[in-house]
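Consider the structure shown here, a protein model with a bound ligand. The text starts at the ligand and then turns to the helices.

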Amino acid sequence: MNHQNTVWVTGASSGLGLHTAMALRDAGWAVIAGARSFGDRTGQRAEKAASDASDGTKPADFSGMHLLPLDVMDMGSVRAFRDRALEISPRVDAVVQCAGMLVLGSCEETDPEEFRRVMDTNFLGMVRVNQAALPLMRSQGGGRIVLFSSINGLLGIPFQNAYTASKHAIEGYAEGLQMEVRPFGIQVTLIEPGDHRSGSSRYRPHARAMGPSSPYAEEFSRTTEKIHHDETHGSDPDVLGRKVADLLSRPKAPFRKRIASPDQHLAVWVHKFLPARLNEQILRSYYLKGKAEE
Ligand SMILES: NC(=O)c1ccc[n+]([C@@H]2O[C@H](COP(=O)([O-])OP(=O)(O)OC[C@H]3O[C@@H](n4cnc5c(N)ncnc54)[C@H](OP(=O)(O)O)[C@@H]3O)[C@@H](O)[C@H]2O)c1
């Protein structure tokens, strides 16, 4: 790889974005990292490093990266990020979009405003950053776009509906995007992670209505405990970061790359091939174990 290659990474202050940015930096890329809260993270670096290390993941290390403020919900912020990135490097060889959040809640009670916030961050955030990067990639004759979807871009689970909708939107959007931009030498890759022990609870608030009086309270509590357990016992984010860096080092990458445990690969396979009702029963019994089925 040419060591002058430049990558923009969104959502690089935490989680999979941070680990991917570190792996790309270690692989020789010039990393321009965007997020809203680098100030906090660099200030609390020792604490963050210690907590990462206790998870068995690589400690946070922003050294050698260019850290720029970026709010993907605000087109003005995205344009300012692009302009400052271009002062650092006139090229953008790759864009890796990891910025994301979720709101946990029932379909019935999650406020449309809470849905909007998730869609605005996860889906429209990608649209905005791509719109800033694509003219540059076209004029330089090519580039790579890597979009973080999820297993939830392929199947739904209870109480994670806004997130699931946003990741399904990304999956459909990326298919059309690839068809439009390939003639300009631009390759798109969807990363579909399973559970990784990287996510911060600050990006997983509960919907405001999900209190003890919710008719869904018991199932909600059971499911969110399961989701939390699966994430905290998930795969190593550092390994995922290195896989993404490896993909970007190859001249051709697959359109979809699932990075998940064997049981999560199986869940996607089951979802694709089993009848919907059977699939629903399997997922319900997984998330609501112990609860009698109707
Ligand atoms: N962890 C998993 O198990 C898992 C599984 C499947 C998919 N994913 C996907 O992987 C990506 C990273 O998730 P994660 O759980 O590893 O990380 P995380 O700890 O939840 O971190 C989220 C990141 O997104 C950034 N972000 C949120 N809102 C933003 C905004 N408006 N503008 C700019 N940046 C914003 C945050 O930075 P600031 O707050 O500093 O802006 C932070 O760096 C997400 O797209 C997620 O859907 C994760």
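What follows covers the surroundings of the ligand and then two pairs of helices.

The model is predicted, and local features are reported where pLDDT is at least 70. The ligand is surrounded by 32 residues. The closest of them are Ser-14, Ser-37, Tyr-163, Tyr-203 and Arg-204. By residue class, this shell divides into 12 nonpolar, 14 polar and six charged residues.

Polar contacts to the ligand involve both backbone and side-chain atoms of the protein. At Gly-11, a polar backbone atom lies 3.0 Å from an oxygen atom of the ligand. At Ser-198, the side chain is involved: one of its N or O atoms is 2.9 Å from an oxygen atom of the ligand. At Asp-71, an N or O atom of the side chain is 2.9 Å from a nitrogen atom of the ligand. On its own, the ligand has 870 Å² of accessible area, and the protein covers 98% of this area. Which elements give two or more residues to the shell around the ligand? They are helix H1, spanning 15-26, and helix H6, spanning 161-181.

The next step is to see how these two helices are placed against others. Two packed helices are described by the angle between their axes and by the distance between those axes.

Take H1 to begin with. Its partner here is helix H8, residues 237-249, and the two axes come within 8 Å and cross at roughly 50°. Angles from 65 to 115 degrees count as roughly perpendicular and those under 35 as roughly parallel, so this crossing makes H1 oblique to H8. The crossing of H1 and H8 is right-handed.

H6 is paired with helix H5, which comprises residues 112-140. The axes of H5 and H6 come within 8 Å and cross at roughly 20°. Because angles under 35 degrees count as roughly parallel, H5 is roughly parallel to H6. H5 passes H6 in a right-handed crossing.

Conventions
Residues are numbered from 1 along each chain as its sequence is written. This is a predicted model: local features need pLDDT of at least 70, side-chain atom pairs count only at pLDDT 80 or more; totals for chains, interfaces and linings use all residues. Side-chain values use heavy atoms; hydrogens and water are left out. A residue is near a molecule or strand if one of its heavy atoms lies within 4 Å of it. A polar contact is a pair of N or O atoms within 3.5 Å; within protein, one must be able to donate a hydrogen and the other to accept it, and residues adjacent in sequence count only if both atoms are side-chain atoms. Accessible areas come from the Shrake-Rupley method with a 1.4 Å probe; for residues, only the protein chains shown count as cover. Helices (H or I, at least four residues) and strands (E, at least two) are DSSP runs, numbered from the N terminus. Ala, Val, Leu, Ile, Met, Phe, Trp, Tyr, Cys and Pro count as nonpolar, Asp, Glu, Lys and Arg as charged, and the others, Gly among them, as polar. Axes are lines fitted to C-alpha atoms, for helices over the stretch in contact, and angles run from 0 to 180 degrees between N-to-C directions. Angles under 35 degrees count as roughly parallel, over 145 as roughly antiparallel, 65 to 115 as roughly perpendicular and the rest as oblique. A crossing is left-handed if the near helix is turned anticlockwise from the far one by less than a right angle, and right-handed if clockwise.
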